[in-house]
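Q: I have a structure open and would like to learn how to read its features one at a time. Where do we begin?

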Amino acid sequence: MIIAPPEAEIMIIVMQSNADQEDVDRVVERIEALGYRPSVSAGEETTVVGVIGHSSPDQLASLEFLPGVDHMVQVMKPYKLGSRDFRPMDTVVSVGSVQFGGNALTIIAGPCSVESEEQLWETASAVKEAGALVLRAGAFKPRSSPYSFQGLGIPALHMLDHVRQQLGLAVVTEVLTPDDVDLVASHVDILQVGARNMQNYALLQEIGRSGHPTLLKRGMSATIEELLMAAEYILANGNPNVILCERGIRTFETSTRFTLDISAIPVLKHLTHLPVLVDPSHATGKWTFVPAVAKAGIAAGADGLIIEVHPRPAEALSDGAQSLRLDRFATLMSQLQPLALAVGRTV
Ligand code: PEP
Ligand code: MN
């Protein structure tokens, strides 16, 4: 069941200055016929007609072509449940005892992929020791090449489940298809929607219905509004537990794998009440740049980080070049402490 957003003024139709009463009446009639409420305001020079309703501005586009109409202005944002207008206070997404969006920063760390039980244990224990509360690791990998390592699949889910129970870490892993949502959700605490799947609406709907906490990554060529519309799919399908992630976007720059859109963090915090994380690993593609970009994300107001860590990056089956060694991750964690304090947060 879809949660209908509240009724509000969604559009304003500005009439031409020479439009007559007949033109205005026609617009009003058409608005009512489409199931919306009109609100006419006659000014000195121009008349404007407000359109009040729940959403679906698509059908309203035809109004622009009625005689006497000059132009239309969209008033309400296309996303509702995720907007600050709808919920001014920050949402805190709770996953067991771990919180996203509260005063404390939440750090997720782990390998790009689950490669073996040993590799997972070694990494998980080390990141826990360093202060991470959540373990990341892919079981199903969305690789750009069909010839690259695709992940261990279901056996990896069992390993993740085992590790989370033994070590008491929350676990996040990516789910690629709607059919796998229940399976993946039964083994991990947080579902991840990857950049390549941000606009897989069937997947978003199924995740919405599941109610499982979800980390939604921004598509590499998606605008902030498109990210918020993707989040809206999950929210509108009944799942309020959405955590957003800025992971770098495509630009002309080639020195880094992607370009972290640093301003997306304050923009998102302004537009939405949902928690926002930063992924400095996929954004940069090179481990040397990860600590600086991680710190920049925190300074810009992110609620936490998701960082790739591997005991032997040179041997990693995916994303080794951007993975921090265990000791380097521990160093970064200690450097985050004073930074968090400086921005009024704790780690
Ligand atoms: C990942 O987290 O390993 C991953 C594939 O990230 P993204 O979807 O942001 O590329
Ligand atoms: Mn990766």
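Q: Which protein donors hold the manganese ion (ligand 2)?
A: The model is predicted. To read a metal site, list the N, O and S atoms within 2.8 Å of the metal. Here the manganese ion (ligand 2) has C112 (SG), H282 (NE2), E308 (OE) and D319 (OD) as its protein donors, at 2.0 to 2.4 Å. Water is not among the atoms, so sites may look incomplete.

Q: What spacing do the donors of the manganese ion follow along the chain?
A: The spacing is C-x169-H-x25-E-x10-D. One pair, C112 and H282, links distant parts of the chain, 170 residues apart. C112 sits in the loop between β7 and α2, whereas H282 belongs to helix α8 (residues 280–284).

Q: Is C112 buried or exposed?
A: Relative accessible area decides this, and buried means under 20%. C112 has 3%, so C112 is buried. H282 is also buried, at 8%.

Q: Where does D319 lie, and is D319 buried or exposed?
A: D319 is in the loop between β14 (304–308) and α10 (326–342). Its relative accessibility is 17%, so D319 counts as buried. The backbone deserves a look as well: phi of D319 is near 55°, a positive value in a residue other than glycine.

Q: How far from E115 is the nearest side chain of opposite charge?
A: For a charged residue, look up its burial and then its potential partners. E115 is buried yet has no salt bridge, and R312, the nearest side chain of opposite charge, is 7.0 Å away. A salt bridge needs a side-chain nitrogen of Lys or Arg within 4 Å of a carboxyl oxygen of Asp or Glu, so a separation beyond that cut-off does not count.

Q: Where is E115 placed, and with which residues is E115 in contact?
A: E115 is in the loop between β7 (106–110) and α2 (117–130). Leaving aside neighbours within four places in sequence, its contacts are L152, H310, E315, A316, L317 and S318.

Q: How many salt bridges does a search of the whole structure find?
A: The search finds 18. For each pair, read the distance, the place in the chain and the burial of both ends. One of these pairs is E7 with R37, whose closest N and O atoms are 2.9 Å apart. E7 lies in the segment before β1 and R37 in strand β2, so this salt bridge ties together parts that are 30 residues apart in sequence. E7 is partly exposed, with a relative accessible area of 41%, and R37 is partly exposed at 45%.

Q: Where do D23 and R26 lie?
A: Both are in helix α1, three residues apart, about one turn of the helix. Their salt bridge has its closest N and O atoms 3.0 Å apart. D23 counts as buried at 11% relative accessibility, whereas R26 is partly exposed at 29%. A network of salt bridges links E22, D23 and R26.

Q: Which parts of the chain does the pair R164 and D189 link?
A: First check the distance: the closest N and O atoms of this salt bridge are 3.0 Å apart. R164 is in helix α3 (residues 154–167), and D189 is in the loop between α4 (181–185) and β10 (190–193), 25 residues away in sequence. R164 counts as buried, with 17% relative accessibility.

Q: What is the order of the strands in the open sheet of four strands?
A: To read a sheet, follow the strands across it and not along the sequence. The order is β2-β3-β1-β4, with antiparallel pairing. β2 (37–42) and β4 (69–74) are at the edges with a single partner strand each, so one side of each has no neighbour in the sheet. On average, neighbouring strands of this sheet are turned by 25° against each other, direction ignored.

Q: Over how many bridges do β1 and β4 pair?
A: Strand β1 (residues 8–15) pairs with β4 over five bridges, in the antiparallel sense. For a position to find on screen, M11 stands opposite Q74 in β4.

Q: Which strands does helix α1 lie across?
A: Helix α1 (residues 21–33) lies across β1, β2, β3 (47–53) and β4, and runs at about 5° to β3.

Conventions: Residues are numbered from 1 along each chain as its sequence is written. Chains are lettered from A and ligands numbered from 1 in the order in which they are written. This is a predicted model: local features need pLDDT of at least 70, side-chain atom pairs count only at pLDDT 80 or more; totals for chains, interfaces and linings use all residues. Side-chain values use heavy atoms; hydrogens and water are left out. Two strands pair if DSSP finds at least two bridges between them. Helices (H or I, at least four residues) and strands (E, at least two) are DSSP runs, numbered from the N terminus. Axes are lines fitted to C-alpha atoms, for helices over the stretch in contact, and angles run from 0 to 180 degrees between N-to-C directions. Contact means heavy atoms within 4.5 Å. Buried means under 20% relative accessible area, exposed over 50%, partly exposed in between (1.4 Å probe, protein chains only). Lys and Arg count as positive and Asp and Glu as negative; His and the chain ends are not counted. Donors are N, O and S atoms within 2.8 Å of the metal (3.2 Å for Na, K and Ca); water is not among the atoms, so sites may look incomplete.
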